[in-house]
Amino acid sequence: MRKLIVALVLAVLAGATVALAGGGTAGQRATHGLVRASNSAGAGSSTASASATSSFGPNVIDGIYQGESPPVSQLPVLPVIPGPLHTRDNESLRSGGSNAQDPVVQHRKGAGPLSAPIQNFDGICLPFGPPCNEASSCSCLPPDTNGEVGATQYVQTVNTDFAIYSKTGAVLRTATPINQLWANTNGECKTHNDGDPVVVYDQLARRWLISQFIATPSGDEQYGECIAVSTSSDATGSYYLYEFLFGSDVFYDYPKLGVWPDGYYMMANEFPAVGATSAGVGVFAFERSKMLLGQPARVVFFDESQHNPPGGQYIGMLPGDLDGSSLPPSGSPNWFSEVDDPTGVPPTDPGDTGFDMRLWAFHVDWTNPANSTFGNNGAPNTTLPVAAFARPQCVYGYGDCSPQAGGPQQLDVLGDRLMFRMPYRNFGSYASLVLNHSVHANGKIGIRWYEVRIPRNGTPSIYQQGTYAPDDPATNPLWRWMGSVAQDRNGDTALGYSASGPNNFPSVRYTGRAAGDPLGQMTQTEQVAYTGTGPQTEVEGRWGDYSDLTVDPSDDCTFWYTQEYLAVDTVVIGTWRTRIVSFKFPGCRR
């Protein structure tokens, strides 16, 4: 079986080269894109369209309101019966990869007084190997670790479960399959527990949102997104339940959501059901005001694949996710962004090196949805040059990935996209966006991060950027990747990530820079929140696919980070665990 998997991976790598260098169908509209290593979402129409509709948009889809769930605290606790371990599909890669030298690498660690962990406890885990208190029902790799801090609680999601904790780590609700929320309904969200979950806390309304995709429709079912919105600030209470169906022609993979005053915004990578190569990206705005009231809600959708650039593809975006209590200026659109290199989006303008950050403004008009817009008719509103970088090319742990002590191969990097989240924060005279992705640096992997500033009534510009890849002892080098970045109310920036090396098991770490410190530098000490006690020994090398750094709304200072690590591997598999840690800058006060 292992030999078969390795052969499949190598075939995927070869296939990715062919598919990405060559064409694809007319419906895919681009010669470059992501490739799915295994197309488990293969059921559906034989039409290789780029979306569920034939229009760029705005397309309006009526969601299905499915009523109110029982309180989570009253849901039955189901036994977890571990099944055969399986590896979830991976999207890879963008075409090729540049050999550019990174001019903004940070070579020295900072020494600032960023706090050691304040809270530091285990989250949901894989039910194999050592005892596992909060067992996921997925029996799969990777966990897709995600989490959010609220006013009094912390909610974590992994494939395919959620759990609720107090801020001191007490378990308020044990790991629970996400589709249990829909147990009393009759739709697809009841029968599908497909994963790629996201949880966000809407601090403006003091509500929780938990989502996962419908990835494996059969018969007359459709691809879609399941979204639950809590009826109060208590995550253990009841939820309003929604099912949004997008048709059978296109699978919307890797969905990522963000909170905005006029909607819940989402991006997803588009994969026509009959092929393995992506078509582009779809962007969505869900009707927040209705969902907070438990009323029928709509979604406005744009099929950005119909406006892909010549010879390339827009893919792997993130939506803005509002942090803090200061609202954006009235009527402001939400921002979507991606960072491209010349192998993914070939430059066409003189003087453009191809290393660019692109930003789209998504304006939704719920009174007259036909007036909604995304970008300049699909083109970016703003294109900002960024410092050159080289993307890691890594599939299932094969390629230029992250090494680990004691493992048979390396770990996935996902260097072909931005890493969750893209926080937006309004500081008054300007707003900021912070974002990150993994890059080559000093022969290892480091984290490129950016702060974009948007002056009031002005246009976005890159205020600072850097690549965190400090020099390590030659005998003990570390790769740093799978990051998540955010800012507190003072403008201090924190960065959480995985770190591992040939002599190190993967660990959970974080660093940061205080507002006013030298630009482009993570000036604070690198803190080790937790070091795993073993390697991932399953042959596929899956890791991530994301992590999450959020800011406590109760003080707008304390960061909460959740990330994967590995326990002792007694049965020769990837015994993943997750960690939840909080910390803060000493200068941040409420």
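This text walks through a predicted model of a protein chain, from its overall make-up to its disulfides, its salt bridges and one buried arginine.

The protein chain has 590 residues, and 66% of them are buried. Its secondary structure consists of 3 helices and 36 strands. One way to describe how a chain folds back on itself is to look at contacts between residues at least 6 apart in sequence; in this chain, 67% of those contacts join residues at least 24 apart. The surface that the protein chain exposes comes to about 18,400 Å². Carbon and sulfur atoms supply 53% of that exposed area.

The disulfides come next. A disulfide is a covalent bond between the sulfur atoms of two cysteines. How many disulfides does the structure hold? The number is 5. If the bonded cysteines of the protein chain are numbered in sequence order, they pair as 1-2, 3-4, 5-6, 7-8 and 9-10.

Three of these links can be taken in turn. In the disulfide of Cys138 and Cys140, the sulfur atoms are 1.9 Å apart. The angle about the S-S bond is 110°, and the link of Cys138 and Cys140 is right-handed. Cys138 and Cys140 are both buried.

Another disulfide is formed by Cys394 and Cys401, with 2.0 Å from S to S. The link of Cys394 and Cys401 is right-handed, with 110° about the S-S bond. Here too both partners, Cys394 and Cys401, are buried.

Further along the chain, Cys557 is joined to Cys588 by a disulfide with an S to S distance of 2.0 Å. Is the link of Cys557 and Cys588 left-handed or right-handed? The angle about its S-S bond is -75°, and the link of Cys557 and Cys588 is left-handed. This pair links distant parts of the chain, 31 residues apart: Cys557 sits in the loop between β34 (548-551) and β35 (559-566), while Cys588 sits in the segment after β36 (576-583). Cys557 and Cys588 are both buried.

The next topic is the salt bridges. In total, the structure has 21 salt bridges. One of them is formed by the side chains of Asp340 and Arg358, at 2.8 Å from N to O. Because Asp340 belongs to strand β20 (residues 334-340) and Arg358 to strand β21 (residues 356-363), this salt bridge ties together parts that are 18 residues apart in sequence. Both Asp340 and Arg358 are buried.

Asp341 also takes part in a salt bridge: its partner is Arg391, and their closest N and O atoms are 3.6 Å apart. Asp341 lies in the loop between β20 and β21, and Arg391 in the loop between β23 (382-385) and β24 (394-395), so this pair ties together parts that are 50 residues apart in sequence. Asp341 and Arg391 are both buried.

A further salt bridge joins Asp556 and Arg425, where the closest N and O atoms are 2.8 Å apart. How many residues apart are Asp556 and Arg425? They are 131 residues apart, and the pair links distant parts of the chain, with Asp556 in the loop between β34 and β35 and Arg425 in strand β26 (residues 422-426). Both Asp556 and Arg425 are buried.

Salt bridges can also be linked to one another. Lys109, Lys444, Asp472, Arg480, Arg509 and Glu526 form such a network of salt bridges.

The last stop is a single residue, Arg448, which lies in strand β28 (residues 444-455). Why does Arg448 count as buried? Arg448 counts as buried because its relative accessibility is 0%. Two polar partners of its side chain can be named. A polar atom of the Arg448 side chain lies 2.9 Å from the backbone oxygen of Ala387. The Arg448 side chain also makes a polar contact, at 2.8 Å, with the side chain of Thr467.

The surroundings of Arg448 can be listed as well, leaving aside its neighbours within four places in sequence. Arg448 is in contact with Asp102 and Val104, with Ala387, Ala388 and Phe389, with Leu435, Asn436, His437 and Val439, and with Gln465, Gly466 and Thr467. Ala387 and Thr467, the residues named above for their polar atoms, therefore appear again among the contacts of Arg448, a residue that counts as buried at 0% relative accessibility.

Terms used: Residues numbered from 1 in each chain as written. Predicted model: local features only at pLDDT ≥ 70, side-chain atom pairs only at ≥ 80, totals over all residues. Heavy atoms only, no water. Disulfide = S-S within 2.5 Å. Buried < 20%, exposed > 50% of the residue type's maximum accessible area, 1.4 Å probe, protein only. Helix = DSSP H or I, 4+ residues; strand = E, 2+ residues; numbered from the N terminus. Salt bridge = Lys/Arg side-chain N within 4 Å of Asp/Glu carboxyl O. Contact = heavy atoms within 4.5 Å. Areas by Shrake-Rupley, 256 points an atom, 1.4 Å probe, with all protein chains shown as cover. Polar contact = N/O pair within 3.5 Å; in protein donor to acceptor, adjacent residues only side chain to side chain.
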